[in-house]
Structures are given as C-alpha cells and as structure tokens.
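The following note is offered to a colleague meeting this structure for the first time. Its points may be read alongside the sequence and the model.

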Amino acid sequence: MGEFDGKSVIVTGGALGIGGAASEAFAREGANVTILDWNAEAGNAAVDRIVSDGGTAQFIHADAGTTDGCRSCVDAAVDKYGGVNVVFNNVGIQPPDSYVDAVELPEETWDKIIAVNLKSRFLLAKYSIPHMRKVGGGVIISSASVQGLQSMGGVSAYAASKGGDLSLMRQMSLDFAKDNIRVVSVNPGAIDTPMVRNAITGTGGNLEDELISTGLAHPIGRIGQPSDIANMVLFLASDKASFVTGSYFNVDGGFMAMGAWANTVGADGSN
Ligand SMILES: NC(=O)c1ccc[n+]([C@@H]2O[C@H](COP(=O)([O-])OP(=O)(O)OC[C@H]3O[C@@H](n4cnc5c(N)ncnc54)[C@H](O)[C@@H]3O)[C@@H](O)[C@H]2O)c1
C-alpha cells in the first residue's frame, strides 16, 4: 500500500531536478502522476523510469507559462486519472542571462520568468480547484525559494516571482480552506539540479568548486538534493499535514537561520 494510492498528482516541471524527484517519489507511493514539462526527451524518460519501476505516469509536453499548457495538463489528468487531488506547482526558470539589475533586464525576460514562475501557479489553481472541490478537497504545493524571503543582487524578476508565489499561496489558502483545499509552499535552499548547474556554468563558474562552496555556505555543510525537497513535498501532500495550510517551509540546510549574518560571518561562525 502506498500513501498516495490512486491519487491523481500533477507535477509541473516534473521531468528533471526537484520536479523529477517528486514525480518519482509520488509514483513510488502509488500516485497516478501527470508530468507537465517542455523538455520532451526528459519528460518521456521520466515516465519510462516510473513505468519500469511499476508506477503510473503520463507526460504532457507543454509550456507551463501558457494558459493552453496549464489547462491541457489539468484536462489530461482528469481524462486519464479521473480528477486532480494534488498539484505540485514546481516549475521555475532562472536563466543565466537574467542575472542583471532591473535596468538591464529585457522586458521579455521579465515577462517569461513571471509567466513560468508565477502565472503558472494561478493557472494550475484556476483549472484544478473545481475538480478538487468535486472530491471534497485537495492540496496545492509550490516551489517558492529562500529568495522569496531575502534578497541577493541582480535577480529582480526571479525575486519578484518567488515573493509573488508566497503571497499567492497565503492568499489562496484563505479562499479555499472552506473547500478543504490546503495551499502551502516549500522554500528550497541551494539544490543540486540542472538549474543550479546551468547557473554556475552559464555565469562562467567552475562547476565542481562552486557546488562544494555553495554547499559549505549552508550551515549543514552540503548542497541539497532533489530528494530533500521531494520528501517534504510528499509529507505536506499527505494527510499527516492535514492541519497545515497558508504556510511555507524552508528546506535549506539552515541557510535562512543565518539571516543577514550570512554576509559577514561564515556558516561555521568564521569571519
Ligand atoms: N535548485 C535550487 O537550488 C532551487 C532553489 C530554490 C528554489 N528552486 C525552485 O524549485 C523549482 C525547481 O527548480 P529546479 O532546480 O529543479 O529546476 P530545473 O531547471 O533543474 O528543472 C526545472 C524543470 O522544469 C522544466 N521547465 C522549465 N521551464 C518550463 C516551462 N516553461 N514549461 C514546462 N516545463 C518547464 C524543465 O524542463 C525542468 O524539467 C523552481 O521553481 C525553482 O525556482 C530551486
């Protein structure tokens, strides 16, 4: 018996990275997983892995930053698996060429980041909540970020999208509590995914060195793994978290515990 036997679970950006780990983890626990991703090769490979492991999944090849992409994903989950019980609004982008200030950021890059990282949360909620209501409830979880809480330089659109994610989560938790729909967010610290690896190489960094130094910047002394986030997401989606809504959870190896100290003092207290 899996914890999510027969549940219909949507994972956006569910082919690789955090979403890939969550798709596989939900499927291992018996869920019927609908993966929305724009990377066809990775999406099909994720479904193949799940199916060869004895799980159930389908792949929807679409752009999560579009109305059609989000609506077709919900429709596919309903058509094939009979409804929607859990949405993991995970998809997110932070292209290496977006690491500039607001003056330098091209407007189309702003629009793209906001569409994928924030509008997709609204669209998935809009189209899946009517189906959750039909079965008496559901859970919506998002991948926000520690950058929704504190800031670094040069990431205006990404920071705005993550602050918006947390604000939308809180707001929707109020509107839909009466429908027994819980809405929560996870704020990952640095997690070893294609996004982080591309950011390092795309900004000219040495991959191995920076993965280690990024890990050491976290009090727990290592970079996070996608499974670290997937474990928390599965807990939040489960009935064990039935009294949890309108909150975010930092899964960050203690990074946020340092607060502004992070600028002046190392994770181990060294100056
Ligand atoms: N990795 C980290 O350190 C970190 C830290 C904080 C927050 N996050 C957040 O976690 C989430 C997942 O991050 P990740 O590191 O796993 O990312 P990733 O880039 O490694 O994987 C993202 C997945 O989303 C897909 N995708 C990207 N744009 C898409 C689009 N428009 N339509 C459909 N699919 C699309 C990609 O193909 C990929 O499968 C994001 O929201 C990110 O902002 C990540």
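1. Which helices and strands each supply at least two residues of the shell around the ligand? They are α1 (17–28), β2 (32–37) and α6 (194–202). Please bear in mind that the model under review is predicted.

2. The ligand is surrounded by 28 residues, of which G13, G17, G92, T193 and M195 are the closest. By character, this shell comprises 16 nonpolar, ten polar and two charged residues.

3. The sheet is open and has seven strands in the order β3-β2-β1-β4-β5-β6-β7, with parallel pairing. Because β3 (56–61) and β7 (248–251) are at the edges and have a single partner strand each, one side of each lacks a neighbour in the sheet. From one strand to the next, the twist averages 20°.

4. At one end of this order, β6 (residues 181–188) and β7 run parallel and are joined by four bridges. N187 has N250, in β7, as its bridge partner. Elsewhere, helix α3 (residues 67–81) packs on the sheet, where α3 touches β1 (8–12), β2 and β3. The direction of α3 makes about 160° with that of β2.

5. The largest nonpolar core contains 68 residues, and I10, F26, I35 and V233 have the most contacts inside it. Helix α4 (residues 107–134) contributes the largest share of this core, eight residues.

6. I35 merits a separate remark. Leaving aside residues up to four places away in sequence, I35 touches V11, G14, A15, S23, G43, A46, V47, A57, F59 and I60.

How values were computed:
Residues numbered from 1 in each chain as written. Predicted model: local features only at pLDDT ≥ 70, side-chain atom pairs only at ≥ 80, totals over all residues. Near = placed C-beta within 6 Å. Nonpolar A, V, L, I, M, F, W, Y, C, P; charged D, E, K, R; others polar. Core = buried A, V, L, I, M, F, W, Y, C linked by C-beta atoms within 7 Å. Buried ≥ 20, exposed ≤ 12 C-beta atoms within 10 Å, placed from the backbone. Contact = placed C-beta atoms within 7 Å. Pairing = 2+ DSSP bridges. Axes fitted to C-alpha atoms, helices over the stretch in contact; angles between N-to-C directions.
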